[in-house]
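Q: Could you take a close look at one part of this model for me? I'd like to hear how the two copies sit together and what the aromatic rings are doing there.

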Protein chains: 2
Amino acid sequence: MIERLETHVFETVAILGAGLIGSSIARACEASGAAKSVLIYDANEAVRERAKKIALGSICETVEEACTDADLVILCTPVGMIETAAKAASPFLKAGAILSDVGSVKASALNDMLAVAPSYAHVIAGHPIAGTEHSGPDAGFAKLFSGRWCILTPLEDQDEAYQLATAKLTKFWEAFGSTVEIMTAKRHDLVLAITSHLPHLIAYNICATAEDMEQVTEGEVVKFSAGGFRDFTRIAASDPTMWRDVFLNNKEAVLETLGRFTEDLAALQRAIRWSDGDQLFELFTRARSIRKSVIEAGQDTAAPNFGRRNQEDDTPAE
Amino acid sequence: MIERLETHVFETVAILGAGLIGSSIARACEASGAAKSVLIYDANEAVRERAKKIALGSICETVEEACTDADLVILCTPVGMIETAAKAASPFLKAGAILSDVGSVKASALNDMLAVAPSYAHVIAGHPIAGTEHSGPDAGFAKLFSGRWCILTPLEDQDEAYQLATAKLTKFWEAFGSTVEIMTAKRHDLVLAITSHLPHLIAYNICATAEDMEQVTEGEVVKFSAGGFRDFTRIAASDPTMWRDVFLNNKEAVLETLGRFTEDLAALQRAIRWSDGDQLFELFTRARSIRKSVIEAGQDTAAPNFGRRNQEDDTPAE
């Protein structure tokens with residue numbers, strides 16, 4: 001649930017990029033009252049037109065128009081475009097303005113913004129752990145961030161004004177129903193490599209393997225996908241540009257976790273080849289226990305979910 | 001939806017094993033009228049007691065009691081127990097009775113049943129492509145098989161009585177709302193290796209890797225699991241015994257698909273290391289297209305699903 005704030009957190013917020021996250025922020029601002037005025041710009045004219053058509057808010061024709069009066073400029077582009085977007089916004093940032101982003105990789109985004117932002121602006125990188133497999137302005141909705149984590153990676157040892165700016169940005173995300181967590185950009189990139197980047201890489205890879213298995217037709221793969229494969233296709237339906245940029249910009253941490261995954265998989269492969277049932281059972285039992293922790297932490301529901309097509313129908317009768 | 005049949009498909013059905021699948025068959029028989037009488041046995045006394053307590057049906061104290069009058073005996077045990085269960089049931093099978101199963105591997109189950117079944121019984125292996133991550137008699141529900149595939153792998157070149165038996169077993173599954181597909185056991189095992197067995201293996205493996213990443217705490221893995229990891233934990237919550245048996249009994253096909261997966265992953269790893277954005281983008285786009293096929297085939301819904309915790313809340317407002 002998003003409750004309406006009594007006073008705005010920011011007077012004017014500029015959103016650069018009107019995709020899933022940008023359009024959701026626009027809608028969440030409207031629902032929560034976190035900003036008095038929201039100005040939206042997207043480099044793609046077709047997206048701007050679409051955003052106007054679905055009445056997303058005040059759509060600007062230039063970056064200047066969006067950023068000149070903004071207290072917060074939030075870059076909602078794929079990670080690979082942060083540098084371009086930050087460069088475009090920087091000349092128009094006013095003194096004391098916050099420059100932030102929503103990218104899935106933080107060290108590179110932070111560096112890209114710091115390289116071009118004027119010293120009188122506060123650069124605070126951020127990442128809401130929320131999303132769906134859909135993209136574009138139509139995909140956004142106000143409650144996307146509700147009950148979700150938002151990680152901020154502010155610079156360390158900064159002055160009081162910077163700390164106040166961080167507190168304000170925290171309040172902004174909290175207004176959307178998010179819980180804010182503070183960590184360093186480097187730590188963020190390692191934690192997300194295992195909880196998000198590796199899972200996506202694996203999901204993409206298994207889809208490619210399935211498609212290439214010429215002894216099995218794509219028709220059969222699709223037909224019997226409810227056996228487990230289906231869930232991977234959903235993760236692999238996420239935006240290809242966004243994910244290309246994630247892997248190019250978090251190379252070190254992704255290769256490190258991927259190396260571990262591959263080692264573990266080799267051990268599992270050996271256990272299968274040598275019919276080591278005890279090792280398989282022990283590993284599967286351990287994997288199951290982490291599921292319990294995820295449910296206890298409120299990050300998923302225990303309701304059975306294999307039969308998503310008829311969600312209600314498939315729920316046990318009791 | 002399960003519609004009530006006007007006439008029973010079988011007079012008496014014996015279910016050996018009252019876990020998720022066995023108890024769901026019992027409930028589906030009751031809902032559809034596919035069997036006039038259902039007799040249930042489980043080798044585990046505690047499961048029998050629990051099945052009685054939740055009024056699953058007529059619980060027998062011996063295999064003999066369950067099987068003696070049965071027109072269909074359906075083994076609902078993990079794949080590794082098929083041999084034991086088939087051996088226990090065989091002495092009590094009446095002439096013309098069908099001996100079937102529900103295991104996720106078909107060649108080994110078929111061989112195990114054929115090795116012990118009397119020649120006057122019809123051995124027809126089967127596999128409903130349905131399930132949840134939960135196990136035990138309480139996990140079952142009547143609609144589990146509704147709208148799902150059920151693969152039967154009858155022997156080839158059999159007499160008319162066998163073909164009639166296959167037609168009856170087909171009708172039985174159709175009564176639960178399933179669509180029956182006929183293929184050879186060998187083909188089943190290859191198709192399921194890629195659509196079900198490999199996805200489960202990968203999901204188990206990524207859970208183990210996450211748990212072992214000592215630079216990242218389990219608390220952080222759980223906390224930020226909504227970034228993608230969460231979905232793997234659900235698949236990895238499936239019954240460890242069942243899955244151990246799947247991998248031990250479908251070794252050849254699993255190792256073959258796993259080999260392909262690993263090769264593809266090595267290529268992906270190389271693309272990341274060498275910053276080959278085009279290759280990543282091309283692969284991610286290809287993976288996304290298979291998702292479309294899955295949705296078009298009615299095997300999943302297009303509704304965004306990352307925010308399962310508040311399913312209704314997270315649905316776009318439009």
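A: Going by this predicted model, a turn of 180° with a shift of 0.0 Å along the axis lays chain B on chain A, at an RMSD of 0.0 Å. That's the relation of a two-fold axis. If you want a landmark, B:Asp231 is the residue of chain B that comes closest to the rotation axis, with its C-alpha at 3.7 Å. The copies meet through the same surface, because 100% of the interface residues of chain B are also interface residues in chain A.

Now for the rings. Over all chains there are 21 aromatic pairs. One of them is A:Phe224 with B:Trp149: the ring centres are 5.6 Å apart and the planes sit at 70°, so it's edge-to-face. This pair joins two chains, since A:Phe224 lies in the loop between α8 (218-223) and α9 (229-235) of chain A, while B:Trp149 belongs to strand β8 (residues 149-153) of chain B. A:Phe224 is buried, at 0% relative accessible area, and B:Trp149 is buried too, at 18%, given that the cut-off for buried is under 20%.

Another edge-to-face pair is B:Phe172 with B:Trp173, 6.1 Å centre to centre and 80° between the planes. B:Phe172 is buried at 0% relative accessibility, and B:Trp173 is buried with a relative accessible area of 1%. Over in chain A, ring pairs tie A:Phe10, A:Phe145, A:Phe172, A:Trp173 and A:Phe176 into a cluster.

Technical notes: Residues are numbered from 1 along each chain as its sequence is written. Chains are lettered from A and ligands numbered from 1 in the order in which they are written. This is a predicted model: local features need pLDDT of at least 70, side-chain atom pairs count only at pLDDT 80 or more; totals for chains, interfaces and linings use all residues. Side-chain values use heavy atoms; hydrogens and water are left out. Copies are superposed by least squares on the C-alpha atoms of residues with pLDDT of at least 70 in both. Contact means heavy atoms within 4.5 Å. Rings of Phe, Tyr and Trp (its six-membered ring) pair if their centres lie within 6.5 Å; planes under 30 degrees apart count as stacked, over 60 as edge-to-face and the rest as tilted. Helices (H or I, at least four residues) and strands (E, at least two) are DSSP runs, numbered from the N terminus. Buried means under 20% relative accessible area, exposed over 50%, partly exposed in between (1.4 Å probe, protein chains only).
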